[in-house]
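Biologist: Hello! I am new to this structure and would love a close look at a single part of it. Could you walk me through what you see?

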Amino acid sequence: MDTLEYLTKEVQKFCEDRDWDQFHGPKDLAIGLSTESNELLDLFRFKSEEQMGEMMDRDTARERISEELADVLFFLLRFSQMYEFDLKDSLLAKIEKNGEKYPVDKVKGKNLKYTELKTTTE
């Protein structure tokens, strides 16, 4: 069993043991994913690059960041499990699609959105 499958089954068991399927509709899980992502973002709000670098060196800050990352992953895995999305296939397909939108020869070292590439490379 690969790591992603193992983690998904752990999340499923955790939720089913608590009879939470009834609360995990797509909207609720999407809200949970967004909420947890925003809690991660909030850790960095109003921080300078230097302050964020310092956070990465402090165990207490890293623990808080790690917990928020875990919460995001939990909701992502739960959504994919409940509604039968294969995250591995989804990610690989998205990487391929983005590879077409962001060809290396046009984007290397640039952080432009694909719609901006068309106007800057013509």
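Biologist: To begin with, which residues in H3 meet which residues in H4?

Modeller: Happy to help, and please keep in mind that this is a predicted model. Met55, Met56 and Asp57 are the residues of H3 that meet H4, where their partners are Asp59, Ala61, Arg62 and Ile65. The axes of H3, which covers residues 49–57, and H4 come within 5 Å and cross at roughly 90°. That angle makes H3 roughly perpendicular to H4.

Ile65 of H4 also appears in the contacts with H2, so let us turn to that helix. H2 runs over residues 26–42, and its 17 residues reach 24 Å from first C-alpha to last, close to the 24 Å expected at 1.5 Å a residue. Its buried residues are Leu29, Gly32, Glu36 and Leu40. Looking down the axis of H2, you would find these buried residues within an arc of 75°, so they line one face of the helix. There is a simple pattern behind this: an α-helix has 3.6 residues a turn, so residues three or four places apart point the same way. On the face turned away from the buried side, H2 carries the exposed residues Lys27 and Leu41.

What covers the buried residues of H2? Helix H4 (59–82) is included in that cover. The axes of H2 and H4 come within 9 Å and cross at roughly 165°, which makes H2 roughly antiparallel to H4. The crossing is left-handed. Among the H2 residues that meet H4 are Leu29, Gly32, Glu36 and Leu40, and the H4 side includes Leu69, Val72, Phe75 and Phe79.

Technical notes
Residues are numbered from 1 along each chain as its sequence is written. This is a predicted model: local features need pLDDT of at least 70, side-chain atom pairs count only at pLDDT 80 or more; totals for chains, interfaces and linings use all residues. Side-chain values use heavy atoms; hydrogens and water are left out. Helices (H or I, at least four residues) and strands (E, at least two) are DSSP runs, numbered from the N terminus. The expected span of a helix is 1.5 Å times one less than its number of residues. Buried means under 20% relative accessible area, exposed over 50%, partly exposed in between (1.4 Å probe, protein chains only). The arc is that of the directions from the helix axis to the C-beta atoms. Contact means heavy atoms within 4.5 Å. Axes are lines fitted to C-alpha atoms, for helices over the stretch in contact, and angles run from 0 to 180 degrees between N-to-C directions. Angles under 35 degrees count as roughly parallel, over 145 as roughly antiparallel, 65 to 115 as roughly perpendicular and the rest as oblique. A crossing is left-handed if the near helix is turned anticlockwise from the far one by less than a right angle, and right-handed if clockwise.
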